[in-house]
Amino acid sequence: MMVKDIKLGFVGLGYIGTIHATACFAMPLIFKKLPFKIKFGPVYKNNIDDIPYFFEGGVKNIDELLKDNELNAVDICTPNYLHKMQAVEIMKKGLNIYLEKPIGLNGDEAFELMNMAKEKNAINQAALMYRFMPAINQARDLINNGEIGDILNFKALMLHSGYLNPKRPMSWKMRFDTSGGGAVIDLGIHLVDAIRFMLGEVKMLQARSETYFKKRPTSNESDSYEEVDVDDWTEAYFKMHNGAWGTVETSRISADIEEETRFEIYGTKGSIKISTKQPRYAFLYKKDENQYIVGNYREKSTFSKYVDTIYPDPKYSLGFMVDMHMASLMNFFLNIVEDKIVYKETPTFEEAYKSQLIIDKIIESAKNDSVMIEF
């Protein structure tokens, strides 16, 4: 078997970049005989004095990173407002690109990146990694196979608590100009994309948002405060093209003992529940039998069978966050090997753009007294 060498550069190595790097480093330990070999290239980040030994080293800007002619892929893990500019520079060099969500500050930026990726014929993927969660793929198959009948209504929730501390200082995530939104874009992009993946396209929506902490300290220990212009919490009501209706709720100020992402989907014959506490299996309730069914199922789609081959075995799990990112990055690398997007389910920039358009409309509706917006 021919093994393709993939030299991977990193732009940003904060929390999410570390998750990506952990997944890449562990990949060959968990999956044997991969058709690619990842070589960690240079890293561009603010502080280049604390870069792990297995990277080639640190660089001070993107131009320096791109001087490495051996690079054939770059992973961008920087704040939202940098995504478009950095992605454009990387695609100009003809490199394959993996980009954290959201791919731009808004749909317009996402549209530009989508078109450039097509023009450059780059292997491109957004880190919308819920598409690689086995339970979500199982739910998608169960829905498509008619296991719960016609879809009636649904709920999608991602509730975090990290912004409950009123002394948490301002950051780029709390400024609209640098983030594109608060909880709605930070967390909601995942829920919107997963709902589209499982249930199809949105027909209309309306939304409302709240910002509980309207001012934040400008920095740690500072007595100076700055206005917050993004949401702490957002709820959107969707009507889907398939007739289903439901809600998508995101929060960065909801306290619980453990943060969890949940989906509940109700149909005429039963329901499906999904939780990040059990990312491998959907919980199927069959109304006629009055029982829950949890575990493997036979009628898997081609993509679900594929996800089974790239999602870590439970014995090697590094937690659902790393596991999902590992499967997502595996898909990216395998597409590089094949020099094409193998599965249409891949969260390409085009799919990321479609999901970001919905985020734009949620923000628009919330700012205009919950006006109903049709697509």
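Me: Tyr81 sits in helix α3 (residues 80-92). Why is Tyr81 called partly exposed?

Reply: The model is predicted: local features need pLDDT of at least 70, side-chain atom pairs count only at pLDDT 80 or more, and totals for chains, interfaces and linings use all residues. Residues are numbered from 1 along each chain as its sequence is written, and side-chain values use heavy atoms, without hydrogens and water. Buried means under 20% relative accessible area, exposed means over 50%, and partly exposed lies in between (1.4 Å probe, protein chains only). Tyr81 has 37%, so Tyr81 is partly exposed. Helices are DSSP runs (H or I, at least four residues), strands likewise (E, at least two), numbered from the N terminus.

Me: What makes Leu105 a contact of Tyr81?

Reply: Contact means heavy atoms within 4.5 Å. Leaving aside neighbours within four places in sequence, Tyr81 meets that rule with Leu105, Trp172, Asp177 and Thr178.

Me: Why is Ser365 called buried?

Reply: Its relative accessible area is 0%, so Ser365 counts as buried. Ser365 belongs to helix α11 (residues 349-367). Beyond four places in sequence, Ser365 touches Leu205, Gln206, Ala207, Ser370, Val371 and Ile373.

Me: What makes Lys7 and Glu70 a salt bridge?

Reply: The rule asks for a side-chain nitrogen of Lys or Arg within 4 Å of a carboxyl oxygen of Asp or Glu. Lys7 and Glu70 come to 3.3 Å, N to O. Lys7 is in strand β1 (residues 4-11) and Glu70 in the loop between α2 (62-65) and β4 (73-76), so the pair ties together parts 63 residues apart in sequence. By this rule the count is 28 salt bridges.

Me: Which class does each partner fall in, buried or exposed?

Reply: Lys7 has 5% relative accessibility, so Lys7 is buried. Glu70 has 52%, so Glu70 is exposed.

Me: How do you know that Lys39 and Glu56 form a salt bridge?

Reply: Their closest N and O atoms are 3.8 Å apart. Lys39 is in strand β2 (residues 36-44), and Glu56 is in the loop between β2 and β3 (57-59), 17 residues apart. Lys39 has 43% relative accessible area, so Lys39 is partly exposed. Glu56, at 46%, is partly exposed.

Me: What makes Arg262 and Glu260 a salt bridge, and why is Glu260 called buried?

Reply: The closest N and O atoms of Arg262 and Glu260 are 3.6 Å apart. Glu260 has a relative accessible area of 14%, so Glu260 is buried. Arg262 has 27%, so Arg262 is partly exposed.
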